[in-house]
Amino acid sequence: MSFASQILQYLVTGLSIGGIYGMVAIGFNIIYNATGIINFAQGEFVMLGGMIMVSLTAAMGLPVAAAFILTVAIVALIGGLFERAAIYPLRNAGVLTMIIVTIGGSIVIRGAAMLFWGKESYILPHFSGEDALVLFGAFILPQTLWILGIMFVTVCALTLFFRYTLVGKAMRACAANRTAALLSGIEASRMICLSFVLSAAVGAIAGIIITPISLVDYNRGFMLALKGFSAAVLGGLGNSGGAVAAGFILGILESLGAGLISSAYKDAISLVVLLIILFVRPSGLFGNREADRLKKF
Amino acid sequence: MKSLTKYIPLLIVVLLAALFPFMVGVNSYWITVFIFVGIYSIVTIGLSLLMGYAGQISLGHGAFFGIGAYASGLLTTLANWNPWLAVAASLFITCVIAALIGYPTLRLRGHYLAMATLAFGEIVVIVFTAEVDLTGGPSGFGGIPRLSLFGLSLKNDLIFYYFVWALVSIVILFSIHIIHSRVGRALQSIHGSENAANAMGVDAAKYKLQIFILSAALAAFAGSLYAHYMTFVSPTACELKLSIMLVVMVAVGGMHSIWGALIGTILLTILPEFLGVFEDFDILVYGAILIIILLFSPDGLYGGVRQAAGFLKRLQRREAT
């Protein structure tokens with residue numbers, strides 16, 4: 001394999017994993033925009049997506065498309081229940097308590113997943129075979145195309161939802177000014193619950209489409225969440241277009257770093273980028289400097 | 001007199017800690033358990049200063065604990081330093097790192113310190129695991145010497161127990177002084193309203209940074225004690241699970257008080273001894289305890305007890321009139 005095609009190979013790998021980071025970042029943003037909370041249980045939604053999909057297809061023999069929809073629905077329901085059970089009762093508490101309760105949620109979901117599925121890793125078959133396509137000497141797995149395609153559809157659907165539907169507009173209104181939204185008759189608490197449902201659904205989709213190329217176990221969510229958060233900050237917290245771009249940047253950096261520098265430090269790359277961006281430009285590459293003005297602490 | 005009442009709980013802690021070995025037996029397994037309670041208390045008391053008084057949360061204190069443990073371990077085994085010199089060096093290293101992380105992030109609002117410390121903590125674990133030649137990688141390394149004090153080796157568990165709890169008492173005393181000092185009052189004003197505090201000339205970011213560095217140094221100190229007690233360290237001593245556990249201890253006990261941190265630490269350190277067969281599920285139990293306590297008493301156990309006591313007092317007064 002020539003050096004150029006090797007680089008191309010890293011780029012392709014980086015794009016597929018970066019797409020996942022971008023989707024996790026969008027999950028963070030949906031909840032952050034609605035509530036100002038960073039949901040530390042975000043990675044658990046991704047893990048649940050992969051796990052439930054495995055159970056539905058392998059153990060119960062459902063066809064992929066049906067299992068996909070059912071999985072997303074189940075995880076979305078879990079997201080909504082989590083909000084009702086733990087976030088809603090604490091709505092008047094400080095931000096510090098909010099962070100801690102989402103950490104608690106992530107511990108509970110992870111523990112429950114370990115009880116249910118054990119500590120083993122699971123894998124899903126690729127959606128449409130593993131015969132790689134060859135492009136300029138680089139191999140592209142069909143799953144990469146599935147990841148990019150499903151991600152594109154998800155982002156478009158979310159954009160249309162937030163821009164053109166009444167509920168989506170109501171959610172944006174709540175994010176912009178909750179008091180004003182309440183005064184215009186929008187039920188803010190329902191919108192916050194909905195943001196957890198949506199965010200869990202997006203997380204589940206990311207979990208489902210990544211599982212064929214990387215294993216899933218009960219502990220998988222944490223690292224994905226951390227990298228997804230790196231993407232969210234790099235793109236500017238709350239900015240979902242930025243999150244997608246930042247996800248791709250991180251994915252490519254990570255795959256180049258793993259291939260050219262050291263695979264032992266692969267997981268550290270996104271984290272170092274996160275620290276640097278927090279130090280140098282906390283509003284992110286695409287955020288405006290006012291981004292962190294929004295949220296009280 | 002009134003100014004002395006703040007020391008009464010400390011007196012009770014010292015008394016209980018001193019008598020404890022005679023209650024459970026001097027060779028009891030509980031002595032070992034409470035050595036760990038003491039070591040973790042040093043971290044959680046510092047963390048409660050950060051969380052309860054400075055209003056910030058760190059998910060990287062497990063990493064500072066690890067830096068203390070690894071620096072102590074490496075300097076004594078590879079460079080043959082005196083253990084106390086190694087402890088001092090690891091404190092210094094930790095303060096520098098904490099300043100580098102805290103300085104930019106504490107100027108921001110929101111969750112930035114939490115995430116920056118989380119990312120930093122994970123990087124530390126990755127480095128300790130990847131540098132196999134130096135640290136032994138995932139399996140860690142041993143042969144770390146025990147501490148000795150005035151020529152007396154702290155090999156005996158009972159002696160080490162008293163040593164650790166003497167240190168815990170000093171840390172508590174020190175923390176009480178901070179809370180009632182200029183820095184403590186400044187932090188409380190920041191908690192009330194950061195903008196108002198700033199307007200009054202309180203440099204909020206500076207005080208938050210000082211407390212963050214102090215709490216990181218305490219974590220590193222505890223890590224050094226751990227390394228010299230266990231004579232062995234591995235990445236499990238500083239992984240994320242520990243960072244989260246420390247925050248859970250503080251939150252369960254009550255983050256607005258160092259006594260809450262102490263109660264949470266005791267509770268969650270001895271809990272696994274009772275869970276026994278459920279060992280694998282401890283994580284689920286911890287998460288459930290955390291959420292339940294937050295839902296019913298956001299100020300933790302200590303806050304809940306105080307609230308209940310206040311309620312009873314008011315009830316009594318109403319009946320009296």
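A cavity, as the word is used here, is a set of grid points where a 1.4 Å probe fits but cannot get out. In this predicted model, 3 cavities of 30 Å³ or more are counted.

**The largest cavity**

The largest cavity has a volume of about 140 Å³, and of the 14 residues that line it, Phe40(A), Ser106(A), Arg110(A), Phe222(A) and Leu118(B) are the closest to its centre. Two or more residues of this lining are given by each of H4 and H9 of chain A and H5 and H11 of chain B.

One of the residues named there, Arg110(A), also takes part in a salt bridge with Glu44(A), in which the side chains meet at 3.4 Å, N to O. Because Glu44(A) lies in helix H2 (residues 42–59) of chain A and Arg110(A) in helix H4 of chain A, the pair ties together parts that are 66 residues apart in sequence. Over all chains, the whole structure holds 6 salt bridges.

**The interface between the chains**

Between chain A and chain B, by contrast, the count of salt bridges is 0, and there is 1 residue pair in polar contact with both residues at pLDDT 80 or more. The side of chain A that touches chain B draws two or more residues from each of helix H3 (64–87), helix H4 (95–117), helix H9 (221–234) and helix H11 (266–280) of chain A, with H4(A) giving the largest share, 16 residues. In total, 44 residues of chain A are in contact with 43 residues of chain B, and the two chains bury about 4,000 Å² between them, 84% of it on carbon and sulfur atoms.

**The largest pocket**

The largest pocket has a volume of about 1,400 Å³ and is lined by 41 residues, of which Thr236(B), Glu239(B), Lys241(B), Leu242(B) and Met245(B) lie nearest its centre. The elements that give two or more residues to this lining include H4 and H9 of chain A, and also helix H2 (29–53), helix H5 (112–130) and helix H10 (204–230) of chain B. H11(B) gives the most, with 7 residues.

**Residue classes**

The table sets out the classes of residue for the three surfaces described above.

| Surface | Nonpolar | Polar | Charged |
|---|---|---|---|
| Side of chain A that touches chain B | 34 residues | 5 residues | 5 residues |
| Lining of the largest pocket | 26 residues | 5 residues | 10 residues |
| Lining of the largest cavity | 11 residues | 1 residue | 2 residues |

Notes:
Residues are numbered from 1 along each chain as its sequence is written. Chains are lettered from A and ligands numbered from 1 in the order in which they are written. This is a predicted model: local features need pLDDT of at least 70, side-chain atom pairs count only at pLDDT 80 or more; totals for chains, interfaces and linings use all residues. Side-chain values use heavy atoms; hydrogens and water are left out. Contact means heavy atoms within 4.5 Å. Buried area is the accessible area (1.4 Å probe) that two parts lose on being put together, summed over both. A salt bridge is a side-chain nitrogen of Lys or Arg within 4 Å of a carboxyl oxygen of Asp or Glu. A polar contact is a pair of N or O atoms within 3.5 Å; within protein, one must be able to donate a hydrogen and the other to accept it, and residues adjacent in sequence count only if both atoms are side-chain atoms. Helices (H or I, at least four residues) and strands (E, at least two) are DSSP runs, numbered from the N terminus. Ala, Val, Leu, Ile, Met, Phe, Trp, Tyr, Cys and Pro count as nonpolar, Asp, Glu, Lys and Arg as charged, and the others, Gly among them, as polar. On a 1 Å grid over the protein atoms alone, a cavity is a set of points where a 1.4 Å probe fits but cannot get out, and a pocket is an open set with protein on both sides within 12 Å along at least five of seven lines; lining residues have an atom within 4 Å of a point. Grid points are joined across faces, edges and corners, and a volume is the space filled by probe spheres set on the points.
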